Amino acid sequence: MSPRLVRAEDDAVGRGDTPLRVTVDGRPVDGVEGQTIAGVLLAAGRRSWREGPSGTPRGVFCGIGVCFDCLVTVNGRRDVRACRRRARDGDEITTQTRAEPGEGR
Ligand code: FES
């Protein structure tokens with residue numbers, strides 16, 4: 001999974017992009033239709049968006065829905081795999097943590 005977004009005007013096959021906007025922890029993040037939530041986050045420069053039990057950062061590991069490292073809350077639904085869920089315009093995404101307060105922080 002590429003962390004970069006090739007802009008439509010730079011794409012050799014001449015594709016068109018339909019823009020979308022989601023919020024991540026209340027902040028707007030722009031993407032294009034067809035991207036997964038992980039793709040939107042990676043293209044926006046995020047490398048991690050969750051914390052493991054010890055407070056270690058987590059993001060995309062497998063990118064194919066197997067490891068569950070990329071979990072986010074989408075529109076109030078917890079434990080959505082960001083690498084498997086396509087972003088939709090207006091999605092409200094919140095990050096999750098399993099870290100205990102004071103551990104690893
Ligand atoms: S990155 Fe492994 S399940 Fe999403």
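The following questions and answers go through the strands, sheets and core of a predicted model. Local features need pLDDT of at least 70 and side-chain atom pairs count only at pLDDT 80 or more, while totals for chains, interfaces and linings use all residues. Residues are numbered from 1 along each chain as its sequence is written.

User: In which sense do strand 1 and strand 2 pair?
Analyst: Helices (H or I, at least four residues) and strands (E, at least two) are DSSP runs, numbered from the N terminus. Two strands pair if DSSP finds at least two bridges between them. Strand 1 covers residues 19-24 and strand 2 covers residues 27-32, with six bridges joining them. Their pairing is antiparallel.

User: Which residue in the turn of the hairpin has a positive phi?
Analyst: The hairpin is formed by strand 1 and strand 2, with two residues between them. The phi in question is about 50 degrees, and the residue is D25.

User: Which residue is the bridge partner of V22 in strand 2?
Analyst: Another position of this strand pair has L20 opposite G31. For V22, the bridge partner is V29.

User: Which strands stand at the edges of the five-stranded open sheet, and why is one side of each left without a neighbour?
Analyst: The sheet has the order 2-1-7-5-6, and its pairing is mixed. Each edge strand has a single partner strand, so one side is left without a neighbour in the sheet. The edge strands are strand 2 and strand 6 (77-81).

User: What is the bridge partner of E51 in strand 4?
Analyst: Strand 4 belongs to an open sheet of three strands in the order 4-3-8, with mixed pairing. Strand 3 (residues 50-51) pairs with strand 4 in the antiparallel sense over two bridges. In strand 4, the partner of E51 is P57.

User: Which element gives the largest share of the largest nonpolar core?
Analyst: A nonpolar core is a set of buried Ala, Val, Leu, Ile, Met, Phe, Trp, Tyr and Cys residues joined through C-beta atoms within 7 Å. A residue is buried if 20 or more other C-beta atoms lie within 10 Å of its own, exposed if 12 or fewer, and partly exposed in between, with C-beta atoms placed from the backbone. The largest core has 16 residues, and the elements giving two or more are helix 1 (37-43) and strand 5 (71-74). The largest share, five residues, comes from helix 1.
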